[in-house]
Amino acid sequence: MRQAALSGGRIVAHVKRAYASANVSPAAHTAAHVFRPTAPVARTFTRGFRPAVVAAAAAPQLKEINHSDIANKVKRQLLINGKFVDAIGGETFGTEDPRTGEVYAEVAEAQEADVDAAVKAAREAFDHGPWPRMTGRERGQILYKFADLMEQNTHELAILESLDNGKPLSASEGGDVPLSVEHLRYYAGWADKIHGSVVPCGPASGKMQAIIYKEPLGVVGQIIPWNFPILMAAWKLGPALAAGNCVVMKVAEQTPLSALRVGELALEAGVPAGVLNIVPGSGEVAGAAVAKHPGIDKVAFTGSTEVGKLIMKQAADRIKPVTLELGGKSPCIICPDADLDTAVEGAHDALFFNMGQCCTAGSRTFVHESIYDEFVKKAVARAQNRKVGDPFDDDTEQGPQVSKEQFDKILQMCKQGEEQGAKLECGGKRLGDKGYYIEPTVFSNVQDDNIIATDEIFGPVQSILKWSTIDEVLERANKSEYGLAAGIFSNNVDYINSLSRGLQSGTVWVNTWNQFDAAVPFGGYKLSGIGREHGEEVLSHYTQTKAVYIPLKDPVKWL
């Protein structure tokens, strides 16, 4: 069983070989031939460990894309009460192609009045509609159909994801969309297993029984980020809908298209009007309206810690439950016994995956002093050979950053890191003169108080720190305000046991990175958030418990 996903180019090559062996043309594939990775691949984001084989020096050569043809296939409006509608005031915003920085489509922009309309639709659907009153099995069947439709439209959804976000098409088509499908299917299976229990009461209560019910919360506000738009939508929608809730989802203004297409597919699958409402817009307006709206019973947010704090404050007036999956500054610890080439490639993937725009990025690479110099040399060579290019090229490993704002922030932090004494080994500059491409960047001689070691960069910038003893590296790794994830590269069971138990992180990976299974809880310690995604545990965030006491008349033979 393979432990890591295929790399971008290898995913595409794998698909082509599969088509060739089956005498099927890739250009002529239908829903029956959509590529679905094997289970180990479908559960991971991380790229496979492999040597560097391609150079990344020249400016990216961009393919011609028919933007209008792609955009016109998507309803670029607000989804409210089962219909796609313009914003009440007619507001729109432009969505950019990060390969060029050019606006290629206008999308309806939700204002506070639009969010209010979406909440009213969701409230009506919850209070009087069929969704929470269906049996769990009926809801599950609709969610299975929803997942099937997404799978049948994998290629289209992947193109929208890569065009909006800039990530390689191979990652969208081989990872993000199949993982989203898998997640929805997992919670479709849970829909008829969310139930309570019957408790015989003790003598002090008399002859009584209590029935414990698990009921949906009601209207849920969900705010998703731009780094994994379709996958984060699936992570949030799966458990919320399975439990019988209705949803108002605010999608990021940088990446609205794939979520709007997913909304269309939900309606096609039979999700009733008003159960899923989608409102693209800015965080300052639409996001804030979702967080503070009195008609929303719970808020789930994935994004920065700074915005997470604001959402908690906005939800506090109504004592509204909040779950937050926030930032990270994850330590990647390379032990002296680790296989050096494997550790270099693993640490590279831990950081550079998704252009570094990943909350679990291994952005503090701690390397033991005995192998530090050799590790830095190999890490620099790997970064210099990373293929940066058009997301629609088969062999591209790294596309552009999502926006000019993110692009500028990353370059500014590189400059600050160098000014604070870190050694810039490679990169740190713009690549080409068009779009938001940044050279893969490696810093050595990084100290714990350097801004690139303390703050979340969210970009392709690897910071390599030196350590001497286990106690020392554990203390330094835990010194961060964040605690989302961590990783260890070692074959020594004592190192692994000591570090994995001592690290203050919600997830710890050993000799791998970015493994996510729908059944395994995911979330952070400290400023990395509250609550958990995935597994049975997340269902507690979308249900509430009711106890009903019922007197029993004599004779009660079974008490």
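These are my notebook entries on strands, helices, a pocket and cavities in this structure, which is a predicted model.

**Entry: a hairpin**

I began with strand 3 (residues 92–97) and strand 4 (residues 102–108). They run antiparallel, and six bridges join them. To see how they line up, I picked Thr92 and found Ala108 of strand 4 opposite that residue. Next I looked at the turn. Four residues lie between the two strands of this hairpin, and Gly101 takes a positive phi near 80°.

**Entry: the three-strand sheet**

I wrote down a reminder for myself: strands of a sheet pair through backbone hydrogen bonds, either parallel or antiparallel. Then I traced an open sheet of three strands, in the order 5-6-22, with antiparallel pairing. Which strands stand at the edges? I found strand 5 (197–200) and strand 22 (543–551) there; each has a single partner strand, so one side of each is left without a neighbour in the sheet. I also noted the turn between neighbouring strands of this sheet, which is 25° on average, direction ignored.

I then followed one pair in more detail. Strand 5 and strand 6 (residues 208–216) pair in the antiparallel sense, over four bridges. Within that pair, I noted Ala210 of strand 6 as the bridge partner of Val199.

**Entry: the seven-strand sheet**

My next stop was an open sheet of seven strands. I read its order as 14-15-16-13-12-18-19, and its pairing is mixed. Strand 14 (423–426) and strand 19 (507–510) are the edge strands, each pairing on one side only. From one strand to the next, the twist averages 25°.

At the strand 14 edge, I counted three bridges to strand 15 (residues 441–444), again in the antiparallel sense. Lys423 gave me a handy landmark, since I could find Ser444 of strand 15 opposite that residue.

Which helices pack on this sheet? I looked at helix 13 (residues 372–384), which touches strand 12 (331–334), strand 13 (364–368), strand 14, strand 15 and strand 16 (461–467). The direction of helix 13 makes about 175° with that of strand 16. Helix 14 packs on the sheet too, touching strand 14, strand 15 and strand 16. Here I noted an angle of about 20° between the direction of helix 14 and that of strand 15.

**Entry: two helix pairs**

Another reminder to myself: two packed helices are described by the angle between their axes and the distance between the axes. I tried this on helix 5 (residues 136–152) and helix 7 (residues 169–190), whose axes come within 8 Å and cross at roughly 170°. Helix 5 and helix 7 are therefore roughly antiparallel to each other, as angles over 145 degrees count that way. I looked up who makes the contact: helix 5 gives residues including Leu143, Phe146 and Met150, and helix 7 gives residues including Val177, Leu184 and Tyr187. By class, I listed ten nonpolar, three polar and three charged residues in this contact.

I turned to helix 10 and helix 11 for a second pair. Their axes are 8 Å apart, and they pack at an angle of about 45°. That makes helix 10 oblique to helix 11. In this contact I found Ala288, Ala291 and Lys292 of helix 10 with Ile311, Gln314 and Ala315 of helix 11. Their classes are four nonpolar, one polar and one charged.

**Entry: the largest pocket**

I looked for open space next. The largest pocket has a volume of about 1,100 Å³. Which residues are closest to its centre? Of the 37 that line this pocket, I noted Trp226, Phe301, Gly303, Ser304 and Val307 as the closest. Helix 10 (283–292), strand 10 (298–302), helix 11 (305–316) and helix 14 (404–419) each give two or more residues to the lining. By class, I listed 17 nonpolar, eleven polar and nine charged residues for the lining of the largest pocket.

**Entry: cavities**

How many cavities of 30 Å³ or more does the structure hold? I noted seven. I chose the second largest cavity, with a volume of about 90 Å³. It is lined by 16 residues, and Thr323, Leu324, Ile530, Arg532 and Glu533 lie nearest its centre. Strand 10 and strand 11 (322–325) give two or more residues each to this lining. The largest share, three residues, comes from strand 11. To finish, I listed the classes for the lining of the second largest cavity: seven nonpolar, five polar and four charged residues.

Terms used
Residues numbered from 1 in each chain as written. Predicted model: local features only at pLDDT ≥ 70, side-chain atom pairs only at ≥ 80, totals over all residues. Heavy atoms only, no water. Pairing = 2+ DSSP bridges. Axes fitted to C-alpha atoms, helices over the stretch in contact; angles between N-to-C directions. Parallel < 35°, antiparallel > 145°, perpendicular 65-115°, else oblique. Contact = heavy atoms within 4.5 Å. Nonpolar A, V, L, I, M, F, W, Y, C, P; charged D, E, K, R; others polar. 1 Å grid on protein atoms, 1.4 Å probe; cavity = no way out; pocket = protein on both sides within 12 Å on 5 of 7 lines; lining within 4 Å. Points joined across faces, edges and corners; volume = space filled by probe spheres on them.
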